[in-house]
Amino acid sequence: WAGGTFRIGGGVYFDETVPGGHLSIDIPVGGGKFAISPFADIFSKDILKIYGGGVNIMVNREAGEKSTIYFGAGGGVASVDVAKAGSKTQSMGNAVVGLEFSVGEKASIFVQGKWIGTFGDYELRNFAGQAGVSFSFGE
């Protein structure tokens, strides 16, 4: 069984520069080249709040001796709260591409870009940049 990855970090949703956080766990399938990745994203500012969670299907590839590139897509549910307009829970989709750099035996630093789209009363379509630390487990 190939080991998985736990990622935690922060970032910004570029529409209105809304700061936020990210959490995900890559669970390997297919010998580690693919992963199922449950995730949670939170972006919050006085005018816009987005709370999203779901599952991505990820592809992982080596990008050098100590780095990995990954990309994937998936979907889930998002709660969108727009100031003075209220809150709605609706479906969401996203696509992600990232790079992970090893800094230790089980620790890495990651940087990723993500397109996030919500579908419903408050349709949002924009990009987010995220960075943080990741820890491998298993193996």
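User: Which residue in the turn of the S5–S6 hairpin has a positive phi?

Analyst: Happy to start there, with a word on the model: it is predicted, so local features need pLDDT of at least 70 and side-chain atom pairs count only at pLDDT 80 or more, while totals for chains, interfaces and linings use all residues. Residues are numbered from 1 along each chain as its sequence is written, and side-chain values use heavy atoms, without hydrogens and water. The S5–S6 hairpin has three residues between its strands (DSSP runs of E, at least two residues, numbered from the N terminus). In its turn, the positive phi of about 70° belongs to lysine 84.

User: How many bridges join S5 and S6?

Analyst: S5 covers residues 67-82 and S6 covers residues 86-102. One facing couple is serine 67 and, in S6, phenylalanine 101. Two strands pair if DSSP finds at least two bridges between them; for S5 and S6, antiparallel to each other, the number is 16.

User: Which residue of S7 stands opposite serine 102?

Analyst: S6 continues into another hairpin, with four residues between S6 and S7. Twelve bridges hold this pairing, again in the antiparallel sense. Opposite serine 102 in S7 stands serine 108.

User: Is valine 111 buried, partly exposed or exposed?

Analyst: Valine 111 sits in strand S7. Buried means under 20% relative accessible area and exposed means over 50%, with partly exposed in between (1.4 Å probe, protein chains only). Because valine 111 has 46% relative accessibility, it counts as partly exposed.

User: Which residue in S8 is the bridge partner of glycine 10?

Analyst: Eight strands close into a barrel, running in order from S1 through S2, S3, S4, S5, S6 and S7 to S8, with antiparallel pairing. S1 (residues 4-13) meets S8 (residues 125-137) over ten bridges. Across that seam, glycine 10 is partnered by alanine 131.

User: Why does the aromatic pair of tyrosine 13 and phenylalanine 43 count as tilted?

Analyst: Rings of Phe, Tyr and Trp (its six-membered ring) pair if their centres lie within 6.5 Å; planes under 30 degrees apart are stacked, over 60 edge-to-face, and the rest tilted. The structure holds one such pair. The ring centres of tyrosine 13 and phenylalanine 43 lie 5.7 Å apart, and the pair is tilted because the planes stand at 45°.

User: How many residues apart are tyrosine 13 and phenylalanine 43?

Analyst: Both tyrosine 13 and phenylalanine 43 are buried. Tyrosine 13 belongs to strand S1 and phenylalanine 43 to strand S3 (residues 34-45). The pair thus links distant parts of the chain, with a separation in residues of 30.
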